[in-house]
Amino acid sequence: MSKFQRIYWAKDFDWDSYSKLYDKYAKSKGSYYLQTSSKLIDSVKLAKSSKVLDLACGTGALSMVLLKQFPGVNILAVDLSKEMLKYYKKNLSKQVKNGQIVVKDGNAEGIDKLSEEKYDVIFVSSALWDLEIESFVKSAKGVLKNGGKIVFNLPSLVVEKERGFIYFIEHFFRQTLQSDIIYRRIPIDYLKKIFEKNGFKLSTMKDYSFNMSKKNVTDFFDVLRYRYPFILFPKEMPYPQKLKRCTEIFNDSLRYVPKEGLDEEGVIFVFEKN
Ligand SMILES: C[S@@+](CC[C@H](N)C(=O)[O-])C[C@H]1O[C@@H](n2cnc3c(N)ncnc32)[C@H](O)[C@@H]1O
């Protein structure tokens, strides 16, 4: 399995530029994060007043989609970044003020230390690949009701299938840099093993896909250029140099995006606590 860099923990990660652009992009129609959130929410049955954890909640894409469909759910929203949470609180100010949503900053891998309550569902939307999986699974178990579920997505590339939007990016970078520096891979067998060992069973595993228009891809690249320097370039290279090169490569790759845009493909997993 490939190693992964804990990008958001890096001292030179540019949270200010990232979170502002991220928030603007994530809320835009058809964004990667809104479309992924819908896929996650559609994969699990929720009651009107379910207790839900939005883990690694970012600026609130999943919570926003969720509340449109289930206006009565209670949410604990957690992210390690105070900058991202600033936008989350703005986007969901009404529910934060009236107590329907509680927001906490902290590490998803130690979620059992952040809450004494038990939840019906934990969503981890577009973030599982940022976590140390076993630490996360162990601590998540402590905040779930029996029969409670963890719902998350992984892009096809991460589960070792070379297709979809994230594969397009990796392929282009590898060709341009003539490198084999690659995105983190998480084999499905490994995932199942970790969850089963820690008291969960796989309840659903299903493929999903959605289209991203060319404009959507262009806007998303403008966000990803702050994050991908940590994923696709050597650690030793100074950040400003990586950012500049990354921006050039993303801009260059746009020539190869067809006019109908690109399809992202991935897998949704639902694991149930025994
Ligand atoms: C790609 S964003 C996804 C955000 C959100 N779920 C969405 O769909 O828009 C990843 C988020 O994971 C958060 N994150 C990464 N590692 C984390 C950890 N160990 N604990 C809590 N949050 C984490 C980052 O701060 C970032 O906001």
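1. Let me start at a slightly odd spot. Glu160 counts as partly exposed, with 13 C-beta neighbours inside 10 Å. Glu160 sits in the loop that links S5 to helix H7 (165-177). What catches the eye is its backbone: although Glu160 is not a glycine, its phi is positive, at about 70°. Most residues other than glycine have a negative phi. Keep in mind that this is a predicted model, so all the angles and distances in this note come from computed coordinates.

2. Ser126 is the other case to look at. Here too phi is positive, at about 55°, and Ser126 is not a glycine. You will find Ser126 in the loop between strand S4 (119-124) and helix H6 (133-141). Is Ser126 buried or exposed? With 21 other C-beta atoms within 10 Å, Ser126 is buried; the cut-off for that label is 20 or more.

3. Back to the S5-H7 loop, which also holds Leu157. Leu157 has 25 C-beta neighbours inside 10 Å and therefore counts as buried. Leaving aside residues up to four places away in sequence, Leu157 touches Glu162, Gly164, Ile166, Tyr167, Glu170 and Tyr183. There is also a long-range relationship to check on screen: Leu157 and Gly266 are 109 residues apart in sequence, yet their C-alpha atoms are 7.7 Å apart in space.

4. Phe136 deserves a look as well. Phe136 belongs to helix H6 and is buried, with 26 other C-beta atoms within 10 Å. Which residues does Phe136 touch, not counting residues up to four places away in sequence? The answer is Ala108, Glu109 and Leu131. Asp112 lies 24 residues from Phe136 along the chain, and 9.4 Å separates their C-alpha atoms.

5. Now the sheet. It is an open sheet of 7 strands with mixed pairing, and the order is S3-S2-S1-S4-S5-S7-S6. Why do S3 and S6 each have one side without a neighbour in the sheet? Strand S3 (101-105) and strand S6 (200-212) stand at the edges and have a single partner strand each, so one side of each is left open in that sense. From one strand to the next, the twist averages 15°.

6. On the parallel part: strand S1 (residues 51-55) and strand S2 (residues 74-79) run parallel and are joined by 5 bridges. To pick out one pair, Leu53 has Leu76 in S2 as its bridge partner. Helix H4 (residues 82-91) packs on the sheet and touches S2 and S3, with its direction at about 165° to that of S3.

7. On the antiparallel part: how many bridges join S6 and S7? That pair has 12 bridges and runs in the antiparallel sense. Met205 has Phe269 in S7 as its bridge partner. S7 also has a second antiparallel pairing, since strand S5 (residues 144-155) and strand S7 (residues 262-273) pair over 7 bridges. In that pairing, Val151 stands opposite Val270 in S7.

8. The ligand shell is worth a slow tour. Around the ligand there are 22 residues, and the closest are Tyr33, Ala56, Gly58, Ala61 and Ala108. Helix H2 (32-41), helix H3 (61-69) and S2 are the elements that each give two or more residues to that shell. How does the shell divide by residue type? There are 13 nonpolar, 6 polar and 3 charged residues in it. Ala108 also turns up in point 4, as one of the residues that Phe136 touches.

9. Finally, the overall picture. The chain's secondary structure comes to 11 helices and 7 strands. Along the principal axes, the C-alpha atoms fill a box of roughly 50 × 40 × 35 Å. For 274 residues, a compact globule would have a radius of gyration near 19 Å, and the 18 Å of this chain agrees with that. Of the 274 residues, 38% count as buried. As for contacts between residues at least 6 apart in sequence, 80% join residues at least 24 apart; the Leu157 and Gly266 pair, 109 residues apart in sequence, gives you a spot to start browsing.

Definitions and conventions:
Residues are numbered from 1 along each chain as its sequence is written. This is a predicted model: local features need pLDDT of at least 70, side-chain atom pairs count only at pLDDT 80 or more; totals for chains, interfaces and linings use all residues. Two strands pair if DSSP finds at least two bridges between them. Helices (H or I, at least four residues) and strands (E, at least two) are DSSP runs, numbered from the N terminus. Axes are lines fitted to C-alpha atoms, for helices over the stretch in contact, and angles run from 0 to 180 degrees between N-to-C directions. Two residues are in contact if their C-beta atoms, placed from the backbone, lie within 7 Å. The radius of gyration is taken over C-alpha atoms; the globule rule is 2.2 Å times the number of residues to the power 0.38. A residue is buried if 20 or more other C-beta atoms lie within 10 Å of its own, exposed if 12 or fewer, and partly exposed in between; C-beta atoms are placed from the backbone. A residue is near a molecule or strand if its C-beta atom, placed from the backbone, lies within 6 Å of it. Ala, Val, Leu, Ile, Met, Phe, Trp, Tyr, Cys and Pro count as nonpolar, Asp, Glu, Lys and Arg as charged, and the others, Gly among them, as polar.
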